[in-house]
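Work through the exercises below with the sequence and the structure at hand. Try each task before reading its solution.

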Amino acid sequence: MEKLLIKGGNTLSGKINCSGAKNAALPMIAATILCDQKVVLRNLPYLQDITTMFELLGSMGSEILLDENMDFTISSANLKDIEARYELVKTMRASILVLGPLLAKHGKARIALPGGCAIGSRPVNFHLDALKELGAEINLRNGYIEASAKKLRGANIRFSGITVTGTENLMMAATLAEGKTTLSNVAKEPEIIDLANMLNSMGADIQGAGSDKIIINGVENLIGTTFDIPADRIEAGTYLVAAAVTKGSITIDGIDPNRLMRVIEKLRNTGANIEHTDNSITIDMDKDCPQPVDITTAPFPEFPTDMQAQFSVINAISDGTANIYETVFENRFMHILELNRMGCDITVKGNHALIKGVKSIYGAEVMATDLRASASLILAGLCAKGETVVDRIYHIDRGYERIEEKLNYLGADIVRLPS
Ligand code: EPU
């Protein structure tokens with residue numbers, strides 16, 4: 001297994017571009033199942049999760065072409081299979097995103113039931129309950145979700161809990177349902193708005209994405225489109241933290257700051273100077289030690305759970321004590337044990353982490369357990385004394401495009417060690 005070797009202590013400076021957003025791209029790739037025409041997706045990030053999603057569509061019979069501009073053309077006109085096999089679903093839970101489109105377009109789907117994962121049990125009951133309200137018949141058999149519907153019918157649906165991919169699944173399914181669907185208690189993440197924009201460009205009629213209530217008037221069919229994947233707010237946030245923990249100064253181009261206002265606000269509370277345009281963010285730590293900052297994760301527009309592990313590192317080297325409450329996932333503190341092995345002083349009890357800042361942390365051999373946990377270990381390696389080796393970096397390759405290249409461009413010293 002490949003590893004990353006990080007020599008800590010370099011201050012980051014310079015400018016990088018933000019890549020396309022993984023969590024916007026995954027539902028958009030699934031949405032291509034909804035029409036018989038070609039869909040062109042531009043600015044897709046080169047990530048393992050994107051490859052897995054294409055592998056899934058390919059296994060069902062979609063045709064996927066990559067051209068010289070790195071644009072992907074996807075055609076699902078000749079889809080033969082409606083099954084997402086366990087081999088793929090177990091490597092990427094977002095495979096569940098094909099459920100809504102398959103049901104709406106082909107009237108049936110068979111998807112392996114995702115199990116637990118490193119950050120929590122992550123059930124899909126909200127997706128299934130809501131699809132039943134659209135008229136789908138759903139059975140769980142031999143570890144698979146078996147769903148069918150002659151024709152989905154619009155309904156008033158209130159999610160029993162806020163779910164990002166659940167909202168996306170239902171939004172996609174309802175585009176081809178008969179009549180009007182109203183979804184309430186929905187997720188309001190920017191990726192929900194992105195997906196609605198893409199579906200509307202395919203001829204769907206979706207209003208209210210980004211608010212508490214989404215209204216979808218079903219249409220007969222959807223048509224092809226060309227769509228640009230917006231920039232990845234979590235990637236941008238992670239690099240901003242990299243600058244903060246190395247007391248550096250960097251600019252990230254191509255990102256709309258409105259997508260990470262809470263993150264910017266919290267970074268300012270650590271003492272960072274942050275300026276932004278409509279399309280870029282500059283952070284300058286002015287060589288200062290970060291101040292501690294309390295965090296409580298919650299659905300958008302509150303502080304994202306996907307930035308919690310990275311903020312654990314800022315607090316771990318801060319000039320004081322901070323509290324982090326993780327309210328979205330029940331088990332998202334796996335990085336803490338590894339951070340403590342590097343000299344951090346963090347105590348976890350339930351969903352609360354008490355972080356006492358220390359003057360220095362030290363390089364160690366550490367192991368990544370999930371995507372954002374791996375990011376936090378790399379950030380810790382950047383500001384640790386000596387060398388850090390991060391093992392199991394396949395997690396990081398799922399969600400960060402060329403991370404060591406981008407960080408090295410900013411002045412880091414990271415080498416990818418072959419397996
Ligand atoms: N939940 C249920 N039942 C459901 C669905 C969700 O109980 O049917 C619970 C989950 O267990 C969790 C909470 O509701 O405790 C929120 O989960 P949600 O469904 O919103 O998460 P998701 O859609 O599976 C997406 C992102 C995650 C991100 C979360 C929260 C994608 C592909 N994934 O997951 O991204 O953490 O929303 O913002 O969009 C990552 O990129 O590292 C990542 C994990």
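**Exercise 1. Find which helix gives the largest share of the shell around the ligand, and describe the rest of the shell.**

Solution. This is a predicted model.

Step 1. Helix 5 supplies the largest share of the shell, with 3 residues.

Step 2. Sort the shell by residue type: 9 residues are nonpolar, 6 are polar and 5 are charged.

Step 3. Look for the nearest residues. Of the 20 residues around the ligand, those that come nearest are F126, T163, T165, D306 and V328.

**Exercise 2. State which atoms of F126, T163 and R332 face an oxygen atom of the ligand, and at what distance.**

Solution. A pair of N or O atoms counts as a polar contact within 3.5 Å.

Step 1. For F126, the partner is a polar backbone atom, 2.7 Å from a ligand oxygen.

Step 2. For T163, the partner is an N or O atom of the side chain, and the distance to a ligand oxygen is 2.7 Å.

Step 3. For R332, a side-chain N or O atom lies 3.4 Å from an oxygen atom of the ligand.

Step 4. Turn to the surface of the ligand. Taken alone, the ligand exposes 830 Å², and the protein buries 85% of that.

Step 5. List the elements that give two or more residues to the shell: helix 1 (22–31), helix 5 (125–133), helix 6 (164–175) and helix 12 (371–383).

**Exercise 3. N142 has a positive phi. Locate N142 in the fold and decide whether N142 is buried or exposed.**

Solution. Step 1. Phi of N142 is near 50 degrees, and N142 is a residue other than glycine.

Step 2. N142 sits in the loop that runs between strand 8 (137–141) and strand 9 (144–148).

Step 3. The relative accessibility of N142 is 69%, so N142 counts as exposed. The cut-off for exposed is over 50%.

**Exercise 4. Do the same for K247: give its phi, its place and its exposure.**

Solution. Step 1. Phi of K247 is positive, near 55 degrees, and K247 is not glycine.

Step 2. K247 belongs to the loop between helix 8 (233–245) and strand 15 (249–253).

Step 3. With a relative accessible area of 34%, K247 is partly exposed.

**Exercise 5. Determine what kind of peptide bond runs from F300 to P301, and where P301 is found.**

Solution. Step 1. Omega of this bond, from F300 to P301, is near 15 degrees, and the bond is cis.

Step 2. P301 is in the loop between strand 18 (295–296) and helix 10 (308–316).

Key. Residues are numbered from 1 along each chain as its sequence is written. This is a predicted model: local features need pLDDT of at least 70, side-chain atom pairs count only at pLDDT 80 or more; totals for chains, interfaces and linings use all residues. Side-chain values use heavy atoms; hydrogens and water are left out. Helices (H or I, at least four residues) and strands (E, at least two) are DSSP runs, numbered from the N terminus. Buried means under 20% relative accessible area, exposed over 50%, partly exposed in between (1.4 Å probe, protein chains only). A residue is near a molecule or strand if one of its heavy atoms lies within 4 Å of it. A polar contact is a pair of N or O atoms within 3.5 Å; within protein, one must be able to donate a hydrogen and the other to accept it, and residues adjacent in sequence count only if both atoms are side-chain atoms. Accessible areas come from the Shrake-Rupley method with a 1.4 Å probe; for residues, only the protein chains shown count as cover. Ala, Val, Leu, Ile, Met, Phe, Trp, Tyr, Cys and Pro count as nonpolar, Asp, Glu, Lys and Arg as charged, and the others, Gly among them, as polar.
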